[in-house]
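Trainee: I'd like to learn how labels get attached to a structure. Could we go through one together?

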Amino acid sequence: MISQKGIIRLSVILGIIFWSLFTIVDLMALFSELNGIAFGFPPFVSNAMLTMFIISLILFYRFNIGQAESVNFVDLLWRVFVSGLIATVVTLCIEFFFTVFASSKVGSNTLVINFLYHVNIGLVIAFLVSTFIVWKRLILYQKSKTLLATWQLYEYALLGTLIFDLFSHDYQDPAFLAVYGILVLIGLYLSFNLKWIAYLNFKQKWRSILFVLLVVIYIWYFFKTLMFFSEKVQLVRDLLDSVFILALITFIIIYCVIALLVILFNLPTTSVFEKKLEEAVNFQRLSQSIPAGESEEKVYEILLDSSVSAVYSEAAWLQISDPSKNVEVTLTHNLDKELIPVITKAVNNSRFKKILNSDFDRNPKSLKISANLKNVNFRSILQFPVTVKGEKIGVLALLKEVNDGFNREMVDIIDTFVNQASISVENFRLLNDAIVNERYKEELKIANRVQNKLLPERLEPCAAYDIHAYSQAADEVGGDYYDVYQLDEERTALIIGDVSGKGTSAAFHMAQMKGVFQSLVQLDLDPKEFLVHANNALSRCLESTSFITVSFFVIDSKKKKVQFARAGHCPSLYYSAEKGTTEYFKNRGLGLGILRNFNFHKYVQVNEFTYQAKDVLVLYTDGITEACNDKKEQFGFDRLQSALTKHADQSPGAIQEGIINDLYEFCGKESLNDDYTLLIVKFN
């Protein structure tokens, strides 16, 4: 399979060979005629060489121009211009040759003149074929099925004339005229396909006019040159006796004339088309500014530039003031910032002011104003509010040096730009908020994993009792805390605490409580001393508005006695298996961090009790008793007391499950909005 480059090279070689053979055969025929020698080859042979030369040119330009990737129309016309220029320069050189050697034998030699005539024929045909291929690309730029079929018919008919030309015909032959007439009609129909002109801008249209005019001039010059040869000496052939060449020239000229007229008629509307295109591009820039990674300030710059360009404004400013987002921006165009207050005052005092808002959206804080000004350098202003989520965050003002400088169309365009900019800014902020929220969620997940590490992974079993704990945070992190520490073989310390507040702040204080507990519990303090020391430590690190409630227990399994103290925490619940009753330990106490002086010990009350087998001690946080149902009724102490009584004969895990189920049944799982923790001890 031959590549495109291979076909181009082969067509060049074949073109040179066939042109050479065509020239040699014609010159031999002429030499034979001039010297009265019989020439063995019929005219058919020369015509065949010419036909093969034309086919070689068609192949060359079809693969060189017809399949080029560029669809720049001016570039295509430029190629035609270059082809014609080369042919013209060579033709001028031939003319110069005749001028220099006009009186010499060489200059008047029939064979020499015919040779140069054949050189000229080759150049002219090359120019015509290259122009034909370019015209084909232009006509088929936006092709339809009908157009493509018509073009193929025309192209096949044109190629068919090459066979017709094999048998020499005079241009006055009726068959010649009939074929030529049909080709002219089809070519005329095709010449009205000029959709490519609509895609040219103002400069490109002027350049296209120039190039098309040059094509007409080239053809006129080549025609004049061919006539020069026919007048100068006897020619072995007349190129205009070829219906292919004549039809090609006619088609090219018709297309040139129609294209010139269409381009000229389109010139006045080109600027309007370009303006609309620019507005569309600016609108697209505003729409895509955020996805393209632009900042909010970049959106304001695009808005100002686009607006100034759209309404031909001599000066402008864009002032954004949004304290909620800490955004303060003032952009100007051909205007000193010091003049903004002066012009604003002139707008307020203007008696020729129009409110552009419709009646239903006329908000005094967001008026769209068009006004004529006095006593300032500018005579008219168009002022639009910039709003985000319905709130005005700034003003766009456009200025002109003439009265009534802004028409209705300009107002609509600016309205569209400002609305799109507002949407872009709003989307930008929403996107930023979403990113920040997502980052917070990730941080909370990390905090949740860290907090879970602060609670005991498992509670060590003990012969004296069974123990089970359950904790659930309302948010990703919570402020409930519990822990167990083995003081010695017989004694165990228990703690449960609840930090005021919720969320990350509570979780942070819970971590502090963990550190305090782990430090103090190793000192083997009694409950009162423990709470006093804990209050002293936490008073130094807790925020002034924060405190922690705690219940601290020391279980002595040898004496079957429990000592405990409460620092503002929920009263512990105790079930006596012997009596079958459940009661709260209502000893007094003040939360850690509430009283930050040395009098805290006065509010610490230590109690103790002895336990029996199957007695149950329940420590909990207020998330359970204060949980509400849809009627705003709290689960309360009584329901918790009843729940323990109902489930007390079960294992600690089953007791926890029963209490939680009763809680969910009362208020529903979804309505719990506080942390809740249960620590259940069942004595053996």
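Mentor: Gladly! Let's begin with Lys 614, which has a relative accessibility of 60%. Keep in mind that this is a predicted model.

Trainee: Why is Lys 614 called exposed?

Mentor: Exposed means over 50% relative accessible area. Lys 614 is at 60%, so Lys 614 counts as exposed. You'll find Lys 614 in the loop between strand 14 (606–610) and strand 15.

Trainee: What makes the phi of Lys 614 worth pointing out?

Mentor: Most residues other than glycine have a negative phi. Lys 614 is not a glycine, yet its phi is positive, about 75 degrees.

Trainee: And Tyr 312, how do you know whether it is buried or exposed?

Mentor: We use that cut-off again: exposed is over 50%. Tyr 312 has 53% relative accessibility, so Tyr 312 counts as exposed. Its phi is also positive, about 55 degrees, although Tyr 312 is not a glycine. Tyr 312 lies in the loop between helix 10 (296–311) and strand 1 (315–322).

Trainee: What radius of gyration does the protein have, set against a compact globule of 684 residues?

Mentor: Such a globule would have a radius of gyration near 26 Å, but the protein has 49 Å. The C-alpha trace spans about 150 × 75 × 45 Å along its principal axes.

Trainee: How confident is the predictor in this protein?

Mentor: The mean pLDDT is 85, and 94% of the residues reach 70 or more. Confidence is highest in strand 15 (residues 616–620), at 93, and lowest in strand 3 (residues 352–355), at a mean of 74.

Note on methods. Residues numbered from 1 in each chain as written. Predicted model: local features only at pLDDT ≥ 70, side-chain atom pairs only at ≥ 80, totals over all residues. Heavy atoms only, no water. Rg over C-alpha atoms; globule rule 2.2 N^0.38 Å. pLDDT = per-residue confidence, 0-100. Helix = DSSP H or I, 4+ residues; strand = E, 2+ residues; numbered from the N terminus. Buried < 20%, exposed > 50% of the residue type's maximum accessible area, 1.4 Å probe, protein only.
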